[in-house]
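Trainee: Hi, have you got a few minutes to go through a model with me? I'd like to start with some side chains and then look at the whole fold.
Mentor: Sure, put it up and ask away.

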Amino acid sequence: MRAEGTAREEGPLVGVLAASPAELPLLRQAGLILEKFGISHEIRVISPARNPDLIDEYARTAFERGLKVVIASTGISGHLASAVAARTVLPVVGVPISTAPQLTGLEALSITAQMPSGVPVATVGVDAAVNAAVLAAEIVGVADPEVQKRLWRFKDDLAEGLKL
């Protein structure tokens, strides 16, 4: 497990998880957006196939460590988002990763969206780590007026045609 990101003294608010180092560049986009909103986060690589015990520990302790939401990938390395969602009470945002030719974007999207009852994963578009971070910011912003202000500014900028 490798960690990076920003952290408050109390710890990060958002966990960003990649199932393999190959997914890390895409998931780092989420970290950049979270930084834009001033939201502390951590980025880790945890393989659901190689280290299920570590995923279990991470997910089960996420709430106690102060996380509010987890962003996790779904790609060829396994379904990290579902493994986390099954073991935490926090919202999990799944980012389907296109790893063609092994797994197309539509296959990853379908896998991420079609979770069993009681194990929801909020699903964004294929390779849409930016949208996952915006959704995570909206979740954090429900209880944080400063994040709400930044989100409103962000939405206003989008309406004016400014790019991320």
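Trainee: Which side chain does the side chain of E42 make a polar contact with?
Mentor: That would be Y58: the two side chains make a polar contact at 2.6 Å. Keep in mind as we go that this is a predicted model.

Trainee: Noted. Where is E42, and is it buried or exposed?
Mentor: E42 is in strand β3. Its relative accessibility is 7%, so E42 counts as buried, the cut-off being under 20%.

Trainee: Back to Y58 for a second. Which residue lies over the face of its ring?
Mentor: R65 does, at 4.6 Å from the ring centre. So Y58 turns up twice: its side chain has the polar contact with E42, and its ring face has R65 over it.

Trainee: Nice. How many aromatic pairs does the structure hold?
Mentor: The count is 1 aromatic pair. The rings are those of F37 and F154, with centres 5.2 Å apart.

Trainee: Is that pair stacked or edge-to-face?
Mentor: Edge-to-face, because the ring planes of F37 and F154 are at 75° and the cut-off for that label is over 60 degrees.

Trainee: And where do the two rings sit along the chain?
Mentor: In distant parts of it, 117 residues apart. F37 belongs to the loop between α1 (24-36) and β3 (41-45), while F154 is in helix α6, residues 145-159.

Trainee: Are F37 and F154 buried or exposed?
Mentor: Both are buried: F37 has a relative accessible area of 1%, and F154 has a relative accessibility of 8%.

Trainee: Okay, new topic: the fold. How many helices and strands does the chain have?
Mentor: There are 6 helices and 7 strands. Going along the sequence, their pattern is β-β-α-β-α-β-β-α-β-α-β-α-α.

Trainee: What about the radius of gyration?
Mentor: The chain has 15 Å, and a compact globule of 164 residues would be near 15 Å, so the value agrees with that expectation. Along the principal axes, the C-alpha atoms fill a box of roughly 40 × 35 × 30 Å.

Trainee: What share of the residues is buried?
Mentor: Buried residues are 49% of the 164 in the chain. The accessible surface comes to about 8,200 Å², and carbon and sulfur atoms account for 54% of that area.

Trainee: What percentage of contacts is between residues 24 or more positions apart?
Mentor: It's 68%, taken over the contacts in the chain with a separation of 6 or more. The F37 and F154 pair is a handy example of a link between distant parts of the chain.

Trainee: Let me try some C-alpha distances. How far is I43 from V14?
Mentor: Those C-alpha atoms are separated by 8.7 Å, with the two positions 29 residues apart along the chain. I43 is in strand β3, and it is buried at a relative accessible area of 4%.

Trainee: And how far apart are N131 and G31?
Mentor: They are 100 residues apart in sequence and 11 Å apart in space, C-alpha to C-alpha. N131 is in helix α5 and counts as partly exposed, at 47% relative accessibility.

Trainee: I also picked A30. How far is it from G66 and from A49?
Mentor: G66 and A30 are 19 Å apart, C-alpha to C-alpha, and 36 residues apart in sequence. For A49 and A30, 19 residues apart along the chain, the C-alpha separation is 23 Å.

Trainee: Where are G66 and A49, and are they buried or exposed?
Mentor: G66 is in the loop between α2 (52-61) and β4 (69-75), and it is buried with a relative accessible area of 18%. A49 lies in the loop between β3 and α2, and it is exposed at 62%.

Trainee: Last one: what is the phi of D127?
Mentor: D127 has a positive phi of about 60°, although it is not a glycine. Most residues other than glycine have a negative phi.

Trainee: Where does D127 sit?
Mentor: In the loop between β7 (122-123) and α5 (129-141). At 31% relative accessibility, D127 counts as partly exposed.

Terms used. Residues are numbered from 1 along each chain as its sequence is written. This is a predicted model: local features need pLDDT of at least 70, side-chain atom pairs count only at pLDDT 80 or more; totals for chains, interfaces and linings use all residues. Side-chain values use heavy atoms; hydrogens and water are left out. Rings of Phe, Tyr and Trp (its six-membered ring) pair if their centres lie within 6.5 Å; planes under 30 degrees apart count as stacked, over 60 as edge-to-face and the rest as tilted. Helices (H or I, at least four residues) and strands (E, at least two) are DSSP runs, numbered from the N terminus. Buried means under 20% relative accessible area, exposed over 50%, partly exposed in between (1.4 Å probe, protein chains only). A charge sits over a ring if NZ of Lys or CZ of Arg is within 6 Å of the ring centre and within 35 degrees of the ring normal. A polar contact is a pair of N or O atoms within 3.5 Å; within protein, one must be able to donate a hydrogen and the other to accept it, and residues adjacent in sequence count only if both atoms are side-chain atoms. The radius of gyration is taken over C-alpha atoms; the globule rule is 2.2 Å times the number of residues to the power 0.38. Contact means heavy atoms within 4.5 Å. Accessible areas come from the Shrake-Rupley method with a 1.4 Å probe; for residues, only the protein chains shown count as cover.
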